[in-house]
Amino acid sequence: MRLDFAASARASVGVEWELQLVSPTTSELLPVAPIVLQKLERRRGTGGLIHPEMHQCMLELVSRPHHRVGECLVDLADGLKLLAPVLAEQGAEATSAGVHPFAVPMEQTVTESERYQELVERTQGWGRQMLIFGTHVHVGIDNATRVVPMLNHLCTYIGHLQALAAASPFWAGRDTGYADNRAMMFQQLPTAGLPEPLRSWRELEQMMADLVQAGALREINELRWDVRPAPRLGTIEVRACDASSNLLEVGAVAALTHCLVEEALRLLDAGEPLRSFPRWLLAANKWRSARFGLDAVLVEQRDAEPVPVRESLAQLVRRLEPVAAALGCLEELSGVLEVLRLGSGTERQRAVAAAAGVGPTVVQHLLAETRAGHPLPAGA
């Protein structure tokens, strides 16, 4: 099975941000996406920025492709501005996190589209549980031969990205004990979670041919890996991160991803090998970051002691600063340090819940962060 990889400008970047539509008074999810999209189309359109998602209480903001993360954030901010008055008419407001803290997933209405109805029919109870929200980052790759080495390389940083973005400690009103419960839920789907270990683009094509022949999927966008190639767009897509409540954190995740890809492309330019770990170490890092978030210790290299992820992320920012300067995203990359200072989304949500319980007050804090555009200390 041949997979054609589209031409894409090197290190171009695009960001997708999945939003929760909630009542600002009750904090409950509201299934208003269909009517909101209808009203937007009738009035002024969505500008290509606003898209339906799996549940009717969700929408996705999608930036245009750019060369700077900051330009993507402008698109996302514009999408929020377009949405705000139409949502307000329905008694709703947009915010986000990896999951809603107290909604019951099985009670939410699935969007009426063939794609989502087929997913639920195929996966049944697990599919209906997928009330989860993510931030996805696409980065342009200039040659298909670089995609698989890049895929393996980025897998060694899934733990760092998950810990940074972790914002899903609760499920149906209870603390799961995990910093990123979304990661645990998502991997229940048959083609989600860590990518398969691959050695070449040809092997990816063979894998797809086998899966299509087996009836496991029909096209490559049904692979819901934490990191996956997007041949139609000519990008590699990092999907491992919880959705954040605010644009500063979205920008931090996007900038870190953008810089990791560009650093790796420079290594390939110089004929240097990229990082790769055996699957068992990737799985250990993924689980640890999902369980412990910024308190995790992660494997940085084989035959060495694991490193605290807070320490590792701070070192990573310093190492990537020259790359960020060249990409024009130094400010956004510095957001990683702001998250380390104020705590991850999970840590901030738990601080709110410690005082007020796992309920509406947590959502009110998320709404406040979305309005402010940056993380806020609990109680702010």
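The following paragraphs describe the fold, the nonpolar cores and several individual residues of one protein chain.

The structure is a predicted model, in which local features need pLDDT of at least 70 and side-chain atom pairs count only at pLDDT 80 or more, while totals for chains, interfaces and linings use all residues. Residues are numbered from 1 along each chain as its sequence is written, and side-chain values use heavy atoms, with hydrogens and water left out.

The secondary structure of the protein chain comprises 13 helices and 13 strands; helices (H or I, at least four residues) and strands (E, at least two) are DSSP runs, numbered from the N terminus. The chain has a radius of gyration of 20 Å, close to the 21 Å that the globule rule gives for 380 residues, and is therefore as compact as a globular protein of that length. Here the radius of gyration is taken over C-alpha atoms, and the globule rule is 2.2 Å times the number of residues to the power 0.38. The C-alpha trace spans about 55 × 45 × 35 Å along its principal axes.

Burial and contacts complete this overall picture. Of the 380 residues, 59% count as buried, where buried means under 20% relative accessible area, exposed means over 50%, and partly exposed lies in between (1.4 Å probe, protein chains only). A contact requires heavy atoms within 4.5 Å. Among contacts between residues at least 6 apart in sequence, 77% join residues at least 24 apart.

The surface and the charges can be described in similar terms. The accessible surface of the protein chain comes to about 15,200 Å², and 52% of it belongs to carbon and sulfur atoms; such areas come from the Shrake-Rupley method with a 1.4 Å probe, and for residues only the protein chains shown count as cover. The chain carries 36 positive and 45 negative side chains, and the centres of the two sets lie 1 Å apart. Lys and Arg count as positive and Asp and Glu as negative, whereas His and the chain ends are not counted. The place of each charge is taken as NZ of Lys, CZ of Arg, CG of Asp or CD of Glu.

The interior is described through nonpolar cores, each a set of buried Ala, Val, Leu, Ile, Met, Phe, Trp, Tyr and Cys residues joined through side-chain atoms within 4.5 Å. The largest nonpolar core has 103 residues, of which W17, I50, L83, L256 and L333 touch the most other members. Helix α8 (residues 247–269) supplies the largest share of this core, 12 residues. When residues up to four places away in sequence are not counted, I50 touches L37, L40, L59, E60, L61, G79, L82 and L83. A second, separate core of 13 residues includes Y116, V120, M185 and L189.

Two buried residues share W201 as a contact partner. L3 is placed in the segment before β1 (13–22) and counts as buried because its relative accessibility is 10%. Apart from residues up to four places away in sequence, L3 touches W201, L204, E205, M208 and I220. The C-alpha atoms of L3 and V362, which are 359 residues apart along the chain, are separated by 44 Å. V148 belongs to helix α4 (residues 147–155) and, with a relative accessibility of 3%, also counts as buried. With the same sequence neighbours left out, V148 touches L198, R199, S200 and W201. The C-alpha atoms of V148 and S200 are separated by 5.8 Å, although their positions lie 52 residues apart along the chain as a sequence separation.Backbone angles draw attention to two alanines. A11, in the segment before β1, has a positive phi of about 60° although it is not a glycine, and this residue is buried, with a relative accessible area of 5%. A172 is located in the loop between β6 (170–171) and β7 (174–175). Its phi, near 55°, is likewise a positive value in a residue other than glycine, but A172 is partly exposed, with a relative accessible area of 36%.

The last two residues are P273 and A353. P273 occupies the loop between α8 and α9 (279–292) and is exposed, with a relative accessible area of 65%. Its C-alpha atom is separated by 36 Å from that of P169, 104 residues apart along the chain. A353 is found in helix α12 (residues 345–356) and is buried, with a relative accessible area of 13%. Not counting residues up to four places away in sequence, A353 touches F170, V358 and V362. A353 and P101 are 252 residues apart in sequence, yet their C-alpha atoms are 9.8 Å apart in space.
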